[in-house]
Amino acid sequence: MKRIVILGAGTGGTMMANHLVKKLNIKDWTITVIDQEKKHYYQAGFLFIPFGIYTAKNVTKKIADYLPGNIELMNIRVDLIKPEENKLILSDGKELNYDILIAATGCRIAPSEVEGMDGEGWMKDIFDFYTVEGSTALAKKLDSWEGGNLVVHISEMPIKCPVAPLEFVFLVDWYLSKRGKRKTTKISYVTPLSGAFTKQRTSEILGHLLVDKNIEIVPDFAIEKIDPAEKVLYSYDDKKVPYDLLVTVPTNVGDELYEKSGMGDELNFIPTEKHTLKAKDYDNIFVIGDASDLPASKAGSVAHAQAEVLTENILRHIAGKELLPDFDGHALCFIESGYGKGFLIDFNYDVEPVQGTFPLPVIGPFSLLKETRLNHLGKLVFQWLYWNIIIKGIKIPLMDAKMTLRGKKL
Amino acid sequence: MAEKEIAGKIVQVNDEGYMTDSSEWNKEIAAVIAVEEGIGELAEGHWKVIEFLQKDFADKGTMPSLRRMTKAGGVPTKELYALFPGGPLKKSSKIAGLKKPASCV
């Protein structure tokens, strides 16, 4: 009996378990999924919690309910990977051998990476919205907010869902306007990049949104520290930004397991081949989703596109065939822009977000790079698709892993 | 997309002056862009950064962060700001003939 181990039962790991159970002969293979948590979060829903649109309950389900019955689920922590010996050391001291390992451990926020971030101000006037705890605490804070300097901040790249902080800005502008608190609030967007939009086409088409909504941009801000008593952000080149409420995206890191096991880069992401999804240094280790160091967006839609390619490549690895270089970096993301409207963007490693329609050329019904009510509804409907179709590994008609350029304006 | 003559050579650049074909890059071009960006004459410290950026970009397919410049490239952030005032990654990547650090939108 051979064993394939999937580390992590989030979006990527759950999809892989559901794909592989249909493709592998269960008489020959044991599929083992290991996760130390019992809850599976719909992470794209965290964005809506601060504004009272969702609650923690709406985005939380049981991991076990979304995995197939004929796999082995272990609710335990992995302490160490010994890749040369194809072996895991578990937190109860037991060892587990594998023939193939899939790393699907995602990424998490690490507020302690910035001096002063997780000190006295954390969850008092400094919040994140990348965890269920952070977004729930922020909902309470915003509910009693009367006005002042509201700063939305990105610590450093790469981050999970790079458009989420922009969506947060759009939604908080709408939320405060609705509650009559927008006039007393100054909203600033502080980014280490050269602007809110860094691609030429998106910048041309969407750049005006921030001006229209009266949002101040503070670009090229590389954070050195936060003074939580004085409530000021400091950059390495001595720029200062004062805040009354700081909504920050802390440094994102991969699992510390890879640091301990000598498999990660400086942020504990696993060096991965960008088109085959195999770990660069190991022939029987593969990576899906946010755990890799790929220059693709860290987003569920990317993991979704990767799952198809990775399933095929695992079957090829087992059969001793050459891996297919089929992952093109494809991402498809709904972006909320407030007031019941939204955008849809479609891009890959080589093609910047395009204009056109999705999924059908001309007909749509969704419009790419255009603000519409239907795109917003698409984002809300997406939650149903996530739980019922996507993580179960069911194929969606018209949704291909690779990006198609038919009917799109380049 | 446009063409620009830098150090006697015609190269492809985008609207912000970043080279779009890194194979057209050479050290003379780097020296000219450095002056345009207000960095002045390139010294050993600058070249160390430029060489790391090019090697890392070839390997990873993406621009390194300040953290990676420090941990893998061995250049502390304060020193990077001293070498390339006003935006170390933005300016050093332009001089190295690479892309600007970017997000997905």
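These legends go with a few close-up views of a predicted model.

**View 1. The domains of chain A.** Let's start with how chain A is split up: it has domain 1, domain 2 and domain 3. Domain 1 is written as two stretches, 2-107 and 254-319. Domain 2 covers 109-252, and domain 3 takes in 331-409.

**View 2. Domain 2 of chain A beside domain 3 of chain A.** Here we look at the pair whose C-alpha centres sit 26 Å apart. The two domains touch through 11 residues of domain 2 of chain A and 9 residues of domain 3 of chain A.

**View 3. The domain 2 side of that contact, up close.** Which helix of chain A gives the most residues to the side of domain 2 that touches domain 3? That's α3(A), with 5 residues. Both α3 (164-178) and α4 (200-206) of chain A supply at least two residues each to this side. Sorted by character, the residues on this side of domain 2 of chain A come out as 6 nonpolar, 1 polar and 4 charged.

**View 4. Where chain B meets chain A.** Now for the contact between the chains: 21 residues of chain B touch 24 residues of chain A.

**View 5. The chain B side, up close.** Two elements of chain B, α3 (66-71) and α4 (77-83), give two or more residues to the side that touches chain A. The largest share comes from α3(B), which puts in 4 residues. As for the mix on this side of chain B, look for 7 nonpolar, 6 polar and 8 charged residues.

Note on methods:
Residues are numbered from 1 along each chain as its sequence is written. Chains are lettered from A and ligands numbered from 1 in the order in which they are written. This is a predicted model: local features need pLDDT of at least 70, side-chain atom pairs count only at pLDDT 80 or more; totals for chains, interfaces and linings use all residues. Domain bounds come from an automatic or database domain assignment. Two residues are in contact if their C-beta atoms, placed from the backbone, lie within 7 Å. Ala, Val, Leu, Ile, Met, Phe, Trp, Tyr, Cys and Pro count as nonpolar, Asp, Glu, Lys and Arg as charged, and the others, Gly among them, as polar.
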